[in-house]
Amino acid sequence: MSLIQRVERAQQQLLETTETRAAAAAVPVVPSPPVAVPISSERRAAREELLHEIRLRLQTEVMSAFDTLLDLANPDELRAKVTAIVERVVTSEGFAVTRDEKAHLIEELIGEVGGLGPLDPLLLDETITEIMVNGPSHVYVERAGKIQRVDSYFLNDEHVLRVIDRIITPLGRRIDATSPRVDARLADGSRVNAVIEPLSLVGPVITVRKFPAKPVTVDDLIRFGTATPEMFDFLKACVRARLNVFVSGGTGSGKTTTLNVLSSFIPEDERIVTIEDAAELQLRQVHVVTLESRPPNIEGSGEITIRDLLRNALHMRPDRIIVGECRAGEALDMLQAMTTGQDGSLSTGHANTSADMLRRLETMVLMTGYELPLRAIREQIASAVDLIVHTARLKDGSRKIVNITEVLGIEDDEILMEDIFAFEQTGISEGKVEGVLKPTGVRPTFMGRFKQSGIEMPADEYGIPPEDPEHPDATRSRKGRWVGGEALDVVRPSVGQGRAVTAGGMVYVSSIGPVDPETGQVVSSQIKEQTRQCLDNLKAKLEAAGSSLEKVVWANWSLRDPAEFDTFNQEWVRWFPGDAPIGQGTLMPTQHKRAGFRVSIGVIAEA
């Protein structure tokens, strides 16, 4: 190979090498992915312990400068001051923290100064409905009706106590060893309960019932499945017709939310007075007076109870009174208000069923200390309460109205109730309870009040069956405060008219009641007047059959209360002064009791 050929070959090899390197340089080099090194639980625990120590140190610094920090009205100045504290402590102590950890510590300390510490992010979370702090290390929340633990905690008991004081101090309330529990509210209306030692053995306990920033509306409850639009239309008619309503249910079943929605149906031109332990009702009307009870001061004086506020409210010319919750003796004052001019009042109470709500009202009235007969209490309840709306939290966490119940009256010393609507569960789909609030087929006695109040009802009357004109239910009770007014049609008892049959030379007369033949009404609620009217009616019936009282040979009387026999007998012997006819007493039929009879009489006489 010549010299020229060797040079040309060397140049070619050089050119190929250069091109290869250039091509290699043009191809991007993909680095190998880093291998994730798992952090052991021991390292994570050690890190949490370090951050906990840093938080304690920073808490001490912030508390020492707390008053100075509070004076900073500008948020930027507050942030700069807190940032300087964090930087100084971390540097002086030689703590090794990341940039994100440092930023998180700054936000926590700002919340400590101007907010409620670990509660702040939970209060801002709109999916949370309840916050439960069981001591500094155990924090739970409720989401969609289910309770779950969250990764939040307080530093120690003192930290929890500082947050409690920050909540109650603006309200003028206190909590200490002599008064270790308190009810309060946040600025947004959320309800707060706090309990400390010696009542709590796990440290300070805080329970926050959150309320949404926007009041819950009917449309919201319909969307949640609480009840159907038709049911809320029916409840709206009940509120507009000024029926007295109690909302009952267990803890967390949605009583207050339902009460808020019912109160939205009250017309704007009415004066409303609300009374609560901690004001949480969110009425949208303009003419609303909100009253809040007050606990005793440190000397044990100055307490203003719900009972005190109820009595005072009667002097404030209210059209309606709304009591957030009846828990004790205030139930008696509430019942009296409902029967003395404040028709259409509303309240709530804890109970497992509608019937339990009435029994709880009895117990609460007895808690007043007055020695009232049980019958008198039940008569007051039966006259005052028209409707019970019962709410429940079902197994899937959903809250629904499960019963709408009418309170009819009293019979045999028992309060009569009938469900107008009841929730019928149809199944469970994907963990959700399915069902609907349906009419029970019972027509309430107050349906006439809707029309008289100018309320237009739908063609199907909410699915309630129409009244059968051929078989009117005349035995059902009427509210004592309704009777005698022009607003209601008079119901004439269909029993107690008696029937006379002549056979074998004798006249048999069935039960004669104390009904005035001219008005068709029971004459009185007193046994003596009713006995006199029964005998008047019996005399007329016998004479029409060709007999008389003098020819009565056997009698049968039915008394509602056997203890009233002596009073009955005093009138009886006036009509039969000589040898009275042979007679016996029997149990009074249910129909007679419902008609208001205290006595009815039947006889056998010679024709």
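Which backbone nitrogen lies 2.9 Å from a polar atom of the side chain of Ser510? The legends below begin with an overview of this predicted model and then take up that question, among others.

**Figure 1. The whole chain, with 18 helices and 20 strands.** Welcome to the overview of a predicted model. Buried residues account for 44% of the 607 residues in the protein chain. About 31800 Å² of the protein chain is exposed, with 53% of that supplied by carbon and sulfur atoms. If we take contacts between residues at least 6 apart in sequence, 61% of them join residues at least 24 apart.

**Figure 2. Confidence along the chain, where the average pLDDT is 83.** A score of at least 70 is reached by 86% of the residues. Among the elements, strand E7 has the highest mean pLDDT, 96, while helix H1 (residues 3-26) has the lowest, 51. Please also look at residues 484-491, where pLDDT stays under 50. For this stretch the model has 10 contacts beyond four places in sequence.

**Figure 3. Ser510 and its partners from elsewhere in the sequence.** Here is the reply to the opening question: the backbone nitrogen belongs to Arg499. Ser510 is part of strand E17, which spans residues 506-512. Because its relative accessibility is 37%, Ser510 counts as partly exposed. Beyond its neighbours within four places in sequence, Ser510 is in contact with Gly498, Arg499, Ile601 and Gly602. The last of these, Gly602, is 92 residues away along the chain, yet its C-alpha atom is 4.8 Å from that of Ser510.

**Figure 4. The largest nonpolar core, with 43 residues.** As background, nonpolar side chains in soluble globular proteins tend to be buried together. In this core, the residues that touch the most other members are Phe234, Leu235, Leu387, Phe421 and Phe450. The most is given by helix H9 (residues 229-240), which supplies 7 residues. A second, separate core holds 33 residues, including Phe246, Ile275, Leu332 and Leu361.

**Figure 5. A closer look at the contacts of Phe450.** Neighbours within four places in sequence are set aside in this view. Phe450 then has contacts with Phe234, Ala237, Cys238 and Ala241, and also with Ile455, Met457 and Tyr462. One of these partners, Phe234, is itself among the core residues that touch the most other members.

**Figure 6. Asn244, a residue in the loop between H9 and strand E7 (245-249).** Is Asn244 buried or exposed? Asn244 counts as buried because its relative accessibility is 0%. The Asn244 side chain reaches the backbone oxygen of Ala384 at 2.8 Å. A polar atom of that side chain also lies 3.2 Å from the backbone oxygen of Met338.

**Figure 7. Helix H10 (residues 255-263) and its surroundings.** Why is H10 described as largely enclosed by the rest of the structure? The reason is that 8 of its 9 residues are buried. The buried residues of H10 are Lys255, Thr256, Thr258, Leu259, Asn260, Val261, Leu262 and Ser263.

**Figure 8. Two buried cysteines, Cys326 and Cys534.** Cys326 counts as buried because its relative accessibility is 0%. For Cys534, a relative accessibility of 0% likewise leads to the label buried. How many disulfides does the model have? The count comes to 0 disulfides.

**Figure 9. Thr426 in strand E14 (residues 414-429), and the loop that follows.** With a relative accessibility of 56%, Thr426 counts as exposed. Setting aside neighbours within four places in sequence, Thr426 is in contact with Glu434 and Gly435. The C-alpha atoms of Thr426 and Val436 are 7.8 Å apart, and 10 residues separate the two along the chain. Glu430 sits in the loop between E14 and strand E15 (432-439). Glu430 counts as exposed, because its relative accessibility is 81%.

**Figure 10. Backbone geometry at Glu430, Ala144 and Pro198.** Most residues other than glycine have a negative phi, and most peptide bonds are trans. Glu430 has a positive phi near 55°. Ala144, also not a glycine, has a positive phi of about 50°. The loop between strand E2 (139-143) and strand E3 (146-149) is the place of Ala144, and this residue counts as exposed at 58% relative accessibility. The peptide bond from Glu197 to Pro198 is cis, its omega being near 5°. Pro198 belongs to the loop between strand E5 (191-195) and strand E6 (205-209).

How values were computed. Residues are numbered from 1 along each chain as its sequence is written. This is a predicted model: local features need pLDDT of at least 70, side-chain atom pairs count only at pLDDT 80 or more; totals for chains, interfaces and linings use all residues. Side-chain values use heavy atoms; hydrogens and water are left out. Helices (H or I, at least four residues) and strands (E, at least two) are DSSP runs, numbered from the N terminus. Buried means under 20% relative accessible area, exposed over 50%, partly exposed in between (1.4 Å probe, protein chains only). Contact means heavy atoms within 4.5 Å. A polar contact is a pair of N or O atoms within 3.5 Å; within protein, one must be able to donate a hydrogen and the other to accept it, and residues adjacent in sequence count only if both atoms are side-chain atoms. A disulfide is a pair of cysteine sulfur atoms within 2.5 Å. A nonpolar core is a set of buried Ala, Val, Leu, Ile, Met, Phe, Trp, Tyr and Cys residues joined through side-chain atoms within 4.5 Å. pLDDT is the predictor's confidence in each residue, from 0 to 100. Accessible areas come from the Shrake-Rupley method with a 1.4 Å probe; for residues, only the protein chains shown count as cover.
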